Structure formats: C-alpha cells, structure tokens
Amino acid sequence: MKTIYLDNNATTRIAPEVRKAMTPYLAGLYGNPSSSHRFGSRLRKDTEEARAKVAALIGAEPEEVVFTGSGTESDNTALMSALECSPKKRHLITTKVEHPAVLNFISHLARKGCTATYLPVDGSGRLDMKELIKSVGKDTAAVSIMYANNETGVIFPMAEIAEALRGRGVVFHTDAVQAAGKVRVNVKETPLDMLSISGHKLHAPKGVGALYVRKGLQFHPYIIGGHQESGRRAGTENVASIIGLGRACELALERLEKDSVYLKGLRDRLESEIIRRCPDVRVNGAGAERLPNTVNISFSYIDGEAILLKLDKEGICASSGSACTSGSVEPSHVLRAMAVPVEAIQGSIRFSLSCYNTEAEIEVAADALPGIIKELRDLSPYGRGEKMC
Ligand SMILES: *Cc1c(COP(=O)(O)O)cnc(C)c1O
C-alpha cells in the first residue's frame with residue numbers, strides 16, 4: 001500500500017536534492033573541518049557555504065548562525081545562554097503552548113531556582129500581548145515565544161512582540177522550527193535576539209539544527225569542549241548533515257512563495273472537504289493566522305487514537321496532538337490552553353502537509369475520513385450529541 005504522509009510537522013522526508021548534496025560527505029569527504037591539512041580544511045569551506053545558506057533563509061549574516069545537534073538543543077542553548085549572561089536575572093517568560101523543548105526545559109530550570117511565567121492564549125490560540133507586556137520585570141532574563149505552533153500552525157506576531165520588548169533589557173528568543181521554510185522569516189525586519197531551526201522539519205536530516213544569535217548579543221555556549229563553531233558549540237561538526245541543512249534552506253528559500261500557495265491550496269481543500277462531509281467538527285486555531293500546511297481538527301465524541309489507527313489501515317499518516325505527547329493519555333497542552341472542550345481535544349487530529357503531497361493524496365484522505373468518523377461515532381457509547389461525563 002502506498003503511504004500518504006500527512007505528518008510533516010513531526011518530521012519530513014529528506015529532499016532528493018539534499019540527499020545528493022550530502023552523499024560525498026558520507027563517502028570520500030570524511031575529513032575533520034578543524035584539521036590543517038587540505039583534506040580536512042576543504043570541509044571548513046563547505047561548512048561555511050552551508051552556514052551562508054542557512055543565514056540567507058532567515059535574513060541573517062553567516063557569522064550569526066551556530067550549528068547545533070537539533071531544534072531542542074538550539075532552544076535549550078538559547079535559554080541557558082540568556083541566564084548565564086545575566087546571572088542576576090532569574091525570571092523567564094514563555095507561553096503555555098510551546099514545544100516541550102522549551103516548556104520542559106523551563107520547568108527544569110524552575111526546579112533549579114528560576115521563576116517562570118507561562119502566557120495564556122485565547123480560544124483561537126492567539127497570544128495575550130497585554131499579559132506579555134505586564135509580565136516583563138527587572139528580573140526577566142529571557143522571553144521565549146514560538147514563531148508558529150507545531151500542533152495548530154498558529155503564528156504569533158513576531159514583529160509586534162519584538163517591538164513590545166525593545167529596550168526592556170531582555171533576550172528575545174523564538175523557536176522557529178515550524179516556521180522556517182514555511183513562511184517568510186527575516187531577522188533584520190523582526191529584531192529578535194535568538195532563533196531556533198531544526199533540519200528534519202524542513203527536508204534536511206534529523207539530528208542537525210541551527211541557532212541564530214544576533215551580532216553583538218552576549219552568548220554563552222551550552223555544549224563545552226573544543227573550539228568548533230567559533231567557541232559557541234563544541235563537538236566535531238556533523239559535516240554531512242550541516243551540508244544537508246544548508247541545501248535544504250537554499251531550496252526552501254527558492255520555493256517559499258510557490259510552496260506556500262500550493263500548500264495552502266491543498267490544506268484548505270482538505271479542511272473544507274472535512275467540514276463539508278463530517279458533522280460536529282471544529283478547526284482549532286481557525287480564527288488566527290496559521291502556517292499554510294497545518295490543520296488541526298476536532299471530531300467530537302470520538303477518540304483521536306482510534307481515528308489514527310483507522311487512517312493508518314488506509315496508509316494515511318497523521319497525528320493526534322503532538323507526536324511527543326501521543327502515546328501518553330495526557331490531552332494536548334496546546335488545545336487545553338485554547339480552552340477546547342475535553343471531548344473535542346480527545347478527538348483531535350493534526351494533518352500537516354509538505355510540498356511532496358499531491359491533490360490525489362488529499363482526495364484519498366478526504367474520501368476516507370467521513371466513513372471512519374461515522375463508524376467510530378456509531379460505535380461510541382457516548383453517541384453523537386450525548387454528553388461525556
Ligand atoms: C520538532 C520541534 C522541535 C524539536 O526539534 P528537534 O530537532 O526534533 O529536536 C522544537 N520546536 C518545535 C516547534 C518543533 O516542532
């Protein structure tokens with residue numbers, strides 16, 4: 001059976017162009033970029049070219065980009081750096097809907113003596129800007145607010161947030177793992193301090209990421225050892241993956257406009273077909289600005305995991321809540337923060353598309369769903385319209 005992969009916010013396929021660019025570095029070009037001989041040092045040049053490509057995607061200067069081992073590492077590094085550079089400040093601000101890479105790291109820091117403010121969102125997933133402004137204090141070291149949400153695709157107003165934080169003496173970090181490559185990101189137009197990227201969310205391999213660090217910003221490394229990355233991240237460079245990330249960013253920049261129109265077309269079609277053909281559904285985040293590739297939809301009164309299993313039987317891959325929380329019974333913290341009713345959270349499914357999806361695939365998914373939903377609702381002891389206890 002053919003796989004219809006609609007789970008691209010969990011991970012993406014490596015683009016063929018990316019794989020091709022990486023291959024020489026997995027074979028003959030195995031040198032260490034830190035070596036002084038020619039065999040190694042040519043890799044330094046290639047790594048720097050990749051850095052320039054990553055920088056170009058976000059409108060940064062190459063020297064403002066630090067390669068890391070993942071999006072998670074970029075997020076952790078940004079927060080740690082802000083705390084290390086302001087040893088007197090111990091307060092962190094984030095939102096209730098962040099990825100666990102930020103949320104769980106901040107709760108770890110809170111157990112070690114930091115204080116944290118978790119900003120609320122409204123029913124559409126939009127940030128409360130007044131709460132943000134109110135919560136910044138003299139003790140605030142950093143504000144970490146994601147660019148776009150991985151579960152709902154809701155985009156936060158980066159420029160507005162950066163403007164509100166200007167001159168407040170706090171480091172502004174954003175987790176742009178879901179935004180980079182999907183919407184236009186420009187750190188020159190939006191004056192933020194640090195920004196995280198992950199390779200495997202934009203058609204590069206897993207296990208490579210990048211952190212933008214604004215020129216002039218005080219920085220402290222998280223991984224300490226050798227002098228790689230100008231002393232900003234120790235460890236011998238993952239050259240092949242870095243080359244892959246560079247090529248993926250280059251492709252993303254080239255295709256951004258075209259892909260976003262294409263993705264939005266497919267997504268809107270899937271969304272409207274589901275709404276048209278399945279009763280009692282709600283699109284989570286529909287009232288907010290969203291990524292073009294994501295739709296999070298609640299099928300009330302049924303279990304999302306049961307929907308996923310039935311979709312899986314048809315070869316369709318989607319996700320209930322965030323991949324990191326599925327497998328546990330905890331309802332999505334993102335949807336809870338949006339005050340989505342419990343019976344709707346339980347039946348929520350995320351479809352996230354990529355440029356490799358086709359109209360035919362979307363049609364297959366849209367055709368499969370109504371039958372699945374009806375079957376599960378007929379089986380449900382709660383039935384349609386009955387209250388769950
Ligand atoms: C996937 C993801 C991460 C983590 O990136 P990894 O490279 O998998 O560590 C962080 N933030 C968001 C929003 C993500 O979607």
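1. Ile197 stands opposite Ala210, a residue of strand 8, and this pair is a convenient place to begin reading what is a predicted model. Strand 7 (residues 194-198) and strand 8 (residues 209-213) run antiparallel and are joined by five bridges.

2. Strands 7 and 8 belong to an open sheet of seven strands, whose order is 2-8-7-6-5-3-4 and whose pairing is mixed. At the edges stand strand 2 (65-68) and strand 4 (115-119), and because each has a single partner strand, one side of each is left without a neighbour in the sheet. From one strand to the next, the twist averages 20°. As background for a first reading, the strands of a sheet pair through backbone hydrogen bonds, and they may do so in parallel or antiparallel fashion.

3. Two helices should be viewed together with this sheet. Helix 2 (residues 38-58) packs on the sheet, where it touches strand 2, strand 7 and strand 8, and its direction makes about 110° with that of strand 2. Helix 3 lies across strand 2, strand 3 (91-95), strand 5 (140-144), strand 6 (171-175), strand 7 and strand 8, and it runs at about 160° to strand 7.

4. Helix 3 (residues 71-85) also meets helix 4 (residues 100-111): their axes come within 9 Å and cross at roughly 40°, and the crossing is right-handed. On the helix 3 side the contact is made by Thr72, Asp75, Asn76, Leu79, Met80 and Leu83, while helix 4 contributes Ala101, Val102, Phe105, Ile106 and Leu109. Sorted by class, this contact has eight nonpolar, two polar and one charged residues.

5. An open sheet of three strands has the order 9-10-12, and its pairing is antiparallel. Strand 9 (281-283) and strand 12 (348-352) are the edge strands, each of them pairing on one side only, and the twist averages 25° from one strand to the next. Strand 9 is joined to strand 10 (residues 294-299) by three bridges, the two running antiparallel, and Val283 has Ile297 in strand 10 as its bridge partner. Helix 8 (residues 239-277) lies across strand 9, strand 10 and strand 12, running at about 10° to strand 10.

6. A last point concerns the cysteines, since the structure holds zero disulfides. Cys278 is in no disulfide, and the nearest cysteine sulfur, that of Cys317, is 19 Å away. Are these two residues buried or partly exposed? Cys278 has a relative accessible area of 4% and is therefore buried, whereas Cys317, at 22% relative accessibility, counts as partly exposed.

Definitions and conventions:
Residues numbered from 1 in each chain as written. Predicted model: local features only at pLDDT ≥ 70, side-chain atom pairs only at ≥ 80, totals over all residues. Heavy atoms only, no water. Axes fitted to C-alpha atoms, helices over the stretch in contact; angles between N-to-C directions. Helix = DSSP H or I, 4+ residues; strand = E, 2+ residues; numbered from the N terminus. Left-handed = near helix turned anticlockwise from the far one by under 90°. Contact = heavy atoms within 4.5 Å. Nonpolar A, V, L, I, M, F, W, Y, C, P; charged D, E, K, R; others polar. Disulfide = S-S within 2.5 Å. Buried < 20%, exposed > 50% of the residue type's maximum accessible area, 1.4 Å probe, protein only. Pairing = 2+ DSSP bridges.
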